[in-house]
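Student: I should like to take a close look at a single part of this protein chain. Could you please guide me through one strand and its surroundings?

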Amino acid sequence: MLTTKSLRDVLVPFRSINIAAKTDGTATGTTADLSTASGFNGALVVFQVGTKTDGTHLCTVEESDDDSSWATTTNLNGSIPANVTSNTDIAVAYLGSKRYIRAKVVTSGSTTGAVIGASVIKANPRVATAAS
C-alpha cells in the first residue's frame, strides 16, 4: 500500500521579510538555512506585493556559504521584474547549492512606497515529514 503525504509533509514556510510599507532604503530578510541539518534540497522565494504608490522597488534573492558574505544569486527558476507592480506575487525557485538564502528589497525614489513582504518556502526535504 502506498502512503500518502500532504504538502505539509514536504513544504515549510518561513517569513523572511515582514509585510509592511517599504520606503527608501533596504529591507534585508531573515536567513533561511537549507543545510543538511535543516533537511531541505530547495526553496521557493515568494515576494508578496500589495499597494504600490511610488518609487522603484528591486526584489532580489541572496545566497551565502557562511551567513556572513552575501551575493545576489542568478541561480533561480523564474524571473523577478526590475520594478514591482501593485497587488502581485513574484515566485522564483532557488536552484543554487549554497547553505543560506534570504530575500532582499531595495527601494528608492519613494514617498509612501509599496507594501511588500517575502517568504521562503523550504521544499524537497531529505526526509519527510518536514520539521518546521
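Tutor: The answer below begins with the chain as a whole and then turns to one strand and one residue. This is a predicted model, in which local features need pLDDT of at least 70 and side-chain atom pairs count only at pLDDT 80 or more, while totals for chains, interfaces and linings use all residues. Residues are numbered from 1 along each chain as its sequence is written, and side-chain values use heavy atoms, with hydrogens and water left out.

The chain contains 0 helices and 10 strands; here helices (H or I, at least four residues) and strands (E, at least two) are DSSP runs, numbered from the N terminus. Of its 132 residues, 40% are buried, a term that means under 20% relative accessible area with a 1.4 Å probe, counting protein chains only.

Let us now consider strand β9, which covers residues 100-108. Because 7 of its 9 residues are buried, strand β9 is largely enclosed by the rest of the structure. Strands of a sheet pair through backbone hydrogen bonds, either parallel or antiparallel. Two strands are said to pair if DSSP finds at least two bridges between them. Strand β5 (residues 56-64) is joined to β9 by 9 bridges in the antiparallel sense, and Thr56 has Ser108 of β9 as its bridge partner. Strand β2 (residues 25-28) also runs antiparallel to β9, over 4 bridges; there, Thr28 stands opposite Lys104. Strand β3 (residues 32-33) is antiparallel to β9 as well, with 2 bridges, and Asp33 faces Tyr100 as its opposite residue in β9.

One residue of another strand, Ser16, also deserves attention. Ser16 belongs to strand β1 (residues 11-22), and Ser16 counts as buried because its relative accessibility is 6%. A polar atom of the Ser16 side chain lies 3.4 Å from the backbone nitrogen of Ala103. Beyond its neighbours within four places in sequence, Ser16 is in contact (heavy atoms within 4.5 Å) with residues including Arg102, Ala103 and Ser119.

Strand β1 is itself part of an open sheet of 5 strands, in the order β1-β10-β4-β8-β7, with antiparallel pairing. The edge strands of this sheet are β1 and β7 (76-77), each pairing on one side only. Within the sheet, strand β4 (residues 40-52) and strand β10 (residues 114-125) are joined by 10 antiparallel bridges, and Phe40 has Pro125 in β10 as its bridge partner.

Conventions: Buried means under 20% relative accessible area, exposed over 50%, partly exposed in between (1.4 Å probe, protein chains only). A polar contact is a pair of N or O atoms within 3.5 Å; within protein, one must be able to donate a hydrogen and the other to accept it, and residues adjacent in sequence count only if both atoms are side-chain atoms.
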